[in-house]
Amino acid sequence: MAATEDDRPAAPSGEETSVLLAARRQKLERLRADGIEPFPHEYDGVVAIADVKSAHEALQDGEETEDVYRVAGRLAARRGQGKAAFLDLVDRSGRIQLHARVDVLGREAFDRLISLDLGDLIGVDGAIFRTRRGELSLRVDGWTLLAKSLRPPPEKHHGVQDVELRYRHRELDLMSSPEARDLFLTRARIVSAVRRFLDDAGFVEVETPVLQPLYGGANARPFTTHHNALDRELYLRIATELYLKRLIVGGLEKVYEIGKDFRNEGISHKHNPEFTMVEFYEAYADYEDMAERTERLVAAAADAAGYAGEIDLAPPWRRETLAGSILSRTGIDIMAATERDQLAAAMAEKGLRVPPDDTWAQLVDELVSKHVEPTLIEPTFLLDYPVELSPFAKRHRDDPRLVERFEAYVNGMEIANAFSELNDPDEQRRRFEQQRRDAEAGDEEAQPYDESFLQALEQGMPPTGGVGVGIDRLVMLLTGRRSIREVVLFPAMRD
RNA sequence: GGGCCGUUAGCUCAAUUGGCAGAGCAGGGGACUCUUAAUCCCAAGGUUGUAGGUUCGAUUCCUACACGGCCCA
């Protein structure tokens, strides 16, 4: 009968889409009806697929063994031949081909195996062999359903391509993309390497508050939240700096923290509102010492990541003063043009854009980010910042207009920031007062006045060097990714 | 915040000037004991991001919005 407008089924809706889901649910119910538990509790003795394969690389084409293994993972593909079938099983370490044969398994177990859905999780006992075509495979002697999958997996060959879907449902990206799995395993190795490097150097890992009565330690706006029982506002930290320095006051001497900071600012390829930072502080050290530690830490992380990029990260890195870098790129001497209008005039003379409301410090920042940063491809320390830009850094021993501070740049991107830490409490108090004036003048990123921190400094803090390294950016650098969202498992997304 | 691009089946992608919205994978039925993007046969799968507008007719043109990407600030 020819279909006409009138016999067409009613316009399909969400229910129609769920034909695929209904088929899987039906299989689930069938399994239960047949007395098979679709979600068993355990499966002991599993071996990584990569280990199974590497132990038998020497097998000849067509050679069979009775070396049996137990593997487990997700069913990724199926190629049936009627009374035999090949299936691909994927675990975190890799993929292995399974060979299911009715004469080995018996009719029932065989039929049940090949009627599984792609995406189902199974465990397999079997003997390793190499097919006549040369692929290491496992002959399925027995198998167990470990978890029924009730949703179809991503496309078998292309995986998830839609960027939005990859970010919102990273599990789909991970299950379908070995590259995605490798990336996040590499990220984990980088974090481990950072921790190991600092542990080995005698640093103590600590944890300081994420929820803070007062935020500080960076120029950024915070997220605020509310504590119900205390009925008060709390802030999510923007940095760990001030608490870590209190631990230096307390005598822990070398401390570090790896954790999330939260900054209430725009999202870009270099910025996620929550990001991972390692900060480490070392008593009796200055910023020069910290520069050496930083370049060695990054080299250690690069080694752990198997970094093979074009940029040479081996120490020692290039060192350049901030003022010198601006002078060489633009011909403007910020140490000569020390007044706001002087600098603005110098910039105008060179034909550079001058944001009319910017302060002297903001103009310097503008010059650096526009004209210097993009040129810093090889790893470079920019040294000696204007005091106005650095409320927690100690004055430069040779020039009172500067502080002893560096930012480390690689591939045009800032990856670290460090100071000889300001430990004179009276000087710190004056800096806070300046910040308060900046805030009153409308600077939303100015530091709040932190009396508690000042009291800590008054107890006496040894000369100290401190560094913060952005872990996400380090991972970007070491894995060659252009967006922070690629290296964060679940990046911030709009609803 | 501005500009450009994108959004079509569960997934990956097509669709001529504005003229019946297609394919591959996955899923359903069947054949197949060395396949590997397995193959072959059959059937099914759609509110084309959302809301409007123009038109006899819109996936296609226009407006707004949402989400995402790239570039700029």
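In this predicted model, helix α8 (residues 178-200) lies across strands β6, β10 (254-262) and β11 (274-283). Relative to β10, α8 runs at about 150°.

The three strands beneath this description belong to an open sheet of eight strands, whose order is β6-β10-β11-β16-β15-β14-β13-β12 and whose pairing is mixed. The edges are occupied by β6 (204-205) and β12 (318-321); each has a single partner strand, so one side of each is left without a neighbour in the sheet. Elsewhere in the order, β15 (residues 413-420) and β16 (residues 464-470) run antiparallel and are joined by five bridges. Within this pair, Asn-417 stands opposite Gly-468 in β16.

A separate strand pairing involves β8 (residues 224-227) and β9 (residues 232-236), which pair in the antiparallel sense over four bridges. His-226 stands opposite Glu-233 in β9. The two strands, β8 and β9, form a hairpin with four residues between them, and in the turn Asp-231 has a positive phi of about 50°.

Helix packing is illustrated by α9 (residues 241-249) and α15 (residues 451-459), whose axes are 9 Å apart and meet at an angle of about 25°. Angles under 35 degrees count as roughly parallel, and α9 and α15 are therefore roughly parallel to each other. The crossing in which α9 passes α15 is left-handed. On the α9 side, the contact involves Leu-242, Lys-245, Arg-246 and Val-249, which meet Ser-452, Phe-453, Ala-456 and Gln-459 in α15. By character, the residues of this contact divide into four nonpolar, two polar and two charged.

Technical notes:
Residues are numbered from 1 along each chain as its sequence is written. Chains are lettered from A and ligands numbered from 1 in the order in which they are written. This is a predicted model: local features need pLDDT of at least 70, side-chain atom pairs count only at pLDDT 80 or more; totals for chains, interfaces and linings use all residues. Side-chain values use heavy atoms; hydrogens and water are left out. Axes are lines fitted to C-alpha atoms, for helices over the stretch in contact, and angles run from 0 to 180 degrees between N-to-C directions. Angles under 35 degrees count as roughly parallel, over 145 as roughly antiparallel, 65 to 115 as roughly perpendicular and the rest as oblique. A crossing is left-handed if the near helix is turned anticlockwise from the far one by less than a right angle, and right-handed if clockwise. Contact means heavy atoms within 4.5 Å. Ala, Val, Leu, Ile, Met, Phe, Trp, Tyr, Cys and Pro count as nonpolar, Asp, Glu, Lys and Arg as charged, and the others, Gly among them, as polar. Two strands pair if DSSP finds at least two bridges between them.
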